[in-house]
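Let us go through the labels attached to this model and ask what each of them rests on.

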Amino acid sequence: MSPTAEQWAAAVAAVRSAGPDDEVLLICHVNPDGDALGSMLGLGLGLRRLGLTRLQATFPGRFDVPEPYASLPGLDLLVPESAAFADPRLVLVFDVAAESRLGALAGRLTGAPCSVVLDHHATNTGFGQVRLVDPLAAATSVVAEQLLDRLGVPLDAEIAECLYVALATDTGSFKFDMTTVAVHELAARLIATGIRPGDISRRVFDTRPFGAMKLTGEVLGRAVLDPAAAGGRGMVWTWATLADLERHAQPPYVLDTLIDPVRSVAEADVSVLVKEVAANEWAVSLRSKGAVDVSGVAISQGGGGHRLAAGFTGYGEPADVVAGVRRLLDDFLN
Ligand code: AMP
Ligand code: MN
Ligand code: MN
């Protein structure tokens with residue numbers, strides 16, 4: 001359920017316990033998306049406004065900020081994993097469903113005297129000392145904004161841009177089920193700081209290299225429709241390899257939103273995108289329109305996510321990974 005009054009109070013106390021000279025490390029998940037980076041940097045800027053100066057933000061793995069997020073405010077807080085404080089006084093974690101998504105940085109969390117986890121995954125595995133995990137929140141930035149409010153940090157345009165990018169990405173531009181009245185009210189408060197949603201959306205969602213378009217064409221062109229899957233509700237799937245990225249000279253982030261055209265196929269309830277991340281290792285994205293709890297499928301494979309959007313790491317050939325998903329779907333039909 002949503003965080004309790006005690007958990008909010010503990011989170012506020014944890015932040016207030018850090019003095020200006022204390023090292024504070026913010027961490028988000030590997031291959032960061034708009035919510036991971038936006039909620040982390042938005043809160044980081046808020047902590048700076050509170051007078052904390054020894055602040056770092058980081059994430060595990062390749063130190064690559066996807067182009068759509070390369071002009072977020074607060075990027076100066078970012079350091080590569082290798083440069084992150086070794087023994088921070090306080091660790092804050094953003095949008096991380098499972099400790100595995102922290103890679104080697106998981107040790108910073110367990111080693112710190114104080115840690116606060118901000119998240120919104122129902123599948124959150126319950127790590128960290130103070131847990132602000134709200135499965136009813138549309139994005140981790142919703143939780144971040146509530147913490148800033150409780151800390152008495154007013155929204156300004158820089159913080160708002162970070163939180164807005166996070167909110168817009170995780171709601172699919174205010175289209176998904178979680179897009180509640182509260183989400184629109186938060187968006188209104190953010191926009192009231194003077195940020196420009198049109199400019200932000202163009203930068204974040206509607207600007208991709210020519211090569212990315214050609215790559216998208218190929219990956220969508222090889223999609224397979226399996227009408228009998230998911231108890232006859234249908235599944236559509238496709239895959240992208242590292243060689244595909246290389247052939248078009250594209251970075252991995254251009255595949256992050258490729259599940260969207262796949263999941264729009266009318267003849268399928270379930271959509272699957274299998275993306276190669278290393279030799280024989282695949283990041284599997286799962287989406288459902290309601291027939292299947294895909295988070296159940298993902299958890300059974302060591303991953304996580306939300307009921308209608310989830311993921312896990314698969315191994316072997318893409319067709320075999322998908323065959324495995326197909327078998328599991330029947331166990332998680334709603
Ligand atoms: P994606 O398909 O990568 O957009 O991810 C969809 C949802 O599943 C997001 O909420 C992710 O945080 C979650 N997710 C994806 N991959 C994993 C994983 N390997 N472990 C846990 N959660 C994941
Ligand atoms: Mn995320
Ligand atoms: Mn999120």
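Q: What makes His 29, Asp 33 and Asp 95 donor residues of the manganese ion (ligand 2)?
A: Donors are N, O and S atoms within 2.8 Å of the metal (3.2 Å for Na, K and Ca), with water not among the atoms, so sites may look incomplete. In this predicted model, where local features need pLDDT of at least 70, side-chain atom pairs count only at pLDDT 80 or more, and totals for chains, interfaces and linings use all residues, His 29 (NE2), Asp 33 (OD) and Asp 95 (OD) coordinate the ion at 2.0 to 2.3 Å. Residues are numbered from 1 along each chain as written, chains are lettered from A and ligands numbered from 1 in the order written, and side-chain values use heavy atoms, leaving out hydrogens and water.

Q: Why is His 29 called buried?
A: Buried means under 20% relative accessible area, exposed over 50% and partly exposed in between (1.4 Å probe, protein chains only); His 29 has 2% and is therefore buried.

Q: Why does Asp 95 count as buried?
A: Asp 95 counts as buried because its relative accessibility is 3%, and Asp 95 also coordinates both the manganese ion (ligand 2) and the manganese ion (ligand 3), which are 3.8 Å apart.

Q: How do you know that Thr 241 is buried?
A: Its relative accessibility is 17%, so Thr 241 counts as buried. Leaving aside neighbours within four places in sequence, Thr 241 is in contact (heavy atoms within 4.5 Å) with Glu 276 and Trp 282.
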